[in-house]
Amino acid sequence: MKKEVESIIEKAEVAYSNWRTVSIDTRIAYLKKVKDKLLSNKERYGMMITQDMYKPISQSIAEVEKCATLIDYYIEEGKTILEGRHIQTKWSETYIVHDPLGVILGVMPWNFPFWQVFRFAIPTLLAGNTVVLKHASNVPLSAQALASCFDVEGFDTVYFSLSIPGKEVEEVIEHPAIKGVSLTGSEPAGSAVAQKAGSLIKPVLLELGGSNAFIVTQDVNLDKVIPLALLARFQNTGQSCIAAKRFLVHHSIKEEFTSRLAKEAKKMKQGNLMDLDTRIGLMAREDLAIELETVLNESVQLGARIVCGGKRDQNWFEPTVLTDVTNQMPAFTQETFGPLAVVVGFDAMEEAVALSNDSRFGLGVSIFGKDKEELKQWIHHFDDGAVFINEMVISDPRVPFGGTKFSGIGREMSEEGLLAFVNKKTVVIK
């Protein structure tokens with residue numbers, strides 16, 4: 001391990017010995033300073049996100065603002081969650097306390113370079129841990145901005161950045177000061193980190209890929225559903241784990257749904273990323289666009305039909321709607337991380353559930369229909385970590401976020417995120 005990396009980890013370990021003794025009220029007061037700095041610099045930080053990964057500026061600024069809502073949640077609820085609870089037993093006192101674990105390593109991706117760091121770092125720090133963060137190599141400006149954002153009283157000594165390639169992460173995990181790992185990223189990266197952390201008996205939280213189904217029953221109001229479908233698929237140029245990637249539509253309205261979705265996709269403004277009305281940016285890297293193009297072409301060769309889009313120029317990928325897709329095609333079986341909407345027909349709800357579950361991933365599913373009570377009967381039939389009825393899948397600080405199968409291990413945000421890296425200590429007094 002390089003001396004500078006080891007030095008940073010050792011500093012984080014020393015800082016932890018003091019930080020763990022700081023009161024929750026004081027930590028919350030420091031959180032407010034981070035929020036103030038975040039919001040007062042949101043345009044500048046948004047610009048850095050756009051420069052890093054070519055996200056439209058309006059979406060970059062919205063990402064920064066969303067981080068402030070997460071801070072608000074933990075300011076309001078953090079103390080209550082961490083207080084623990086008393087349990088009625090035969091002893092005079094029995095209760096649970098929540099102690100921090102130590103230095104926690106975060107390995108974060110590029111697609112939401114602020115949001116995904118905040119949803120890991122804020123609850124982890126508030127719980128009394130210190131954080132060492134390895135950000136994605138293709139978002140250096142965002143990593144720099146984040147370091148600046150946490151450079152406020154209190155947090156300036158407990159948040160540390162590592163500038164290392166991904167291949168060195170496993171060596172960092174081996175350091176005895178690292179007490180846990182949180183990774184948001186690809187399935188191969190998550191598997192490698194989980195294996196290393198598991199071999200050392202260190203807790204790990206993984207938020208990996210997703211291939212969310214967006215189920216549309218025959219009795220929906222398409223005037224309401226189409227705008228949500230458009231946003232669910234094409235926000236962040238489709239580069240989101242919780243994006244709707246497979247549209248499962250009742251055969252009676254499949255043709256109309258597909259036609260209207262394609263029509264609206266063509267209307268989305270592209271081009272100048274600094275224009276507040278631009279909705280589609282470039283993909284973050286050309287190799288990612290090439291991967292998506294390969295999946296598209298292979299699916300077309302197997303019988304899928306392009307309704308709109310399908311063109312690529314370097315890392316620009318035209319918003320694309322693909323229909324006549326089967327569950328044997330790459331566009332269905334693989335996670336399509338970009339502006340490609342896949343439409344599949346079904347006849348009965350049992351078939352829609354089976355198609356939704358026919359995935360290596362299990363992050364979230366949306367179901368749309370008039371009869372909410374009927375749709376609620378299907379909730380327990382889905383494998384996913386979240387079911388949204390008449391709403392697209394989103395992440396919200398107030399509810400747990402995470403999935404099943406190859407979508408990951410554990411939950412972020414809410415009470416679950418705050419307690420992800422704590423020792424839930426039982427105390428018994430006779």
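1. A salt bridge here is a side-chain nitrogen of Lys or Arg within 4 Å of a carboxyl oxygen of Asp or Glu. The structure is a predicted model, and a search of the whole of it finds 24 salt bridges. Some of these are taken up below, followed by charges without a partner, polar contacts, backbone angles and two distances.

2. Arg360 and Glu187 form a salt bridge, with their closest N and O atoms 2.7 Å apart. The two residues come from distant parts of the chain, 173 residues apart: Arg360 sits in the loop between helix H13 (349-357) and strand S15 (361-362), while Glu187 belongs to helix H8 (residues 187-199). Arg360 is partly exposed, at 40% relative accessibility.

3. Lys245 pairs with Glu335 in a salt bridge whose closest N and O atoms are 3.5 Å apart. Because Lys245 lies in strand S9 (residues 244-250) and Glu335 in the loop between helix H12 (330-333) and strand S14 (340-346), this pair ties together parts that are 90 residues apart in sequence. The accessibilities of the two partners fall in separate classes: Lys245 is buried, at 0%, and Glu335 is partly exposed, at 26%.

4. Glu286 and Arg312 also meet through their side chains in a salt bridge, at 3.6 Å from N to O. This pair again links distant parts of the chain, 26 residues apart, with Glu286 in helix H11 (residues 286-301) and Arg312 in strand S11 (residues 312-313). Both ends are partly exposed: Glu286 has a relative accessibility of 38%, and Arg312 has a relative accessible area of 26%.

5. Salt bridges also join into a network, which links Arg119, Glu207 and Glu412.

6. Which charged residue is buried yet has no salt bridge? Lys134 is such a residue, and the nearest side chain of opposite charge, Glu168, is 9.3 Å away. With the salt-bridge cut-off at 4 Å, Glu168 at 9.3 Å therefore does not qualify as a partner for Lys134. Lys134 is part of strand S4 (residues 130-134). A polar atom of the Lys134 side chain does lie 3.4 Å from the backbone oxygen of Ile164. A colleague looking at this side chain should thus find a backbone oxygen listed for Lys134, but no salt bridge.

7. On the surface, Glu6, Glu10, Glu13 and Glu171 form a negative patch. Helix H1 (residues 3-19) supplies the largest share of this patch, three residues. Glu10 is placed in helix H1 and is partly exposed, with a relative accessible area of 38%. Residues enter such a patch only with over 30% relative accessible area and no salt bridge, so Glu10 at 38% passes the area cut-off.

8. Ser414 belongs to helix H15 (residues 414-418). The side chain of Ser414 reaches the backbone nitrogen of Glu416 at 3.3 Å. Is Ser414 buried or exposed? Ser414 is buried, with a relative accessible area of 3%.

9. Two backbone angles deserve a look. Most residues other than glycine have a negative phi. Asn236 is not a glycine, yet has a positive phi of about 60 degrees. Asn236 is located in the loop between helix H9 (222-234) and S9, and is buried at 2% relative accessibility. Lys405, also not a glycine, has a positive phi of about 50 degrees. Lys405 is found in strand S18 (residues 404-405) and counts as partly exposed, at 37% relative accessibility.

10. Two distances help with orientation. How far apart in space are the C-alpha atoms of Gln88 and Gln218, and what separates them along the chain? They are 51 Å apart in space and 130 residues apart along the chain. Gln88 is in the loop between strand S1 (85-86) and strand S2 (93-100), where it is exposed, at 77% relative accessibility. Thr94 lies in strand S2 and is buried, with a relative accessible area of 7%. From Thr94 to Phe421 the C-alpha distance is 22 Å, with their positions 327 residues apart in sequence.

Key:
Residues numbered from 1 in each chain as written. Predicted model: local features only at pLDDT ≥ 70, side-chain atom pairs only at ≥ 80, totals over all residues. Heavy atoms only, no water. Patch = residues over 30% accessible without salt bridge, like charges linked within 9 Å, V, L, I, M, F, W, Y side chains within 5 Å. Areas by Shrake-Rupley, 256 points an atom, 1.4 Å probe, with all protein chains shown as cover. Lys, Arg positive; Asp, Glu negative; His and termini not counted. Charge placed at Lys NZ, Arg CZ, Asp CG, Glu CD. Helix = DSSP H or I, 4+ residues; strand = E, 2+ residues; numbered from the N terminus. Buried < 20%, exposed > 50% of the residue type's maximum accessible area, 1.4 Å probe, protein only. Polar contact = N/O pair within 3.5 Å; in protein donor to acceptor, adjacent residues only side chain to side chain.
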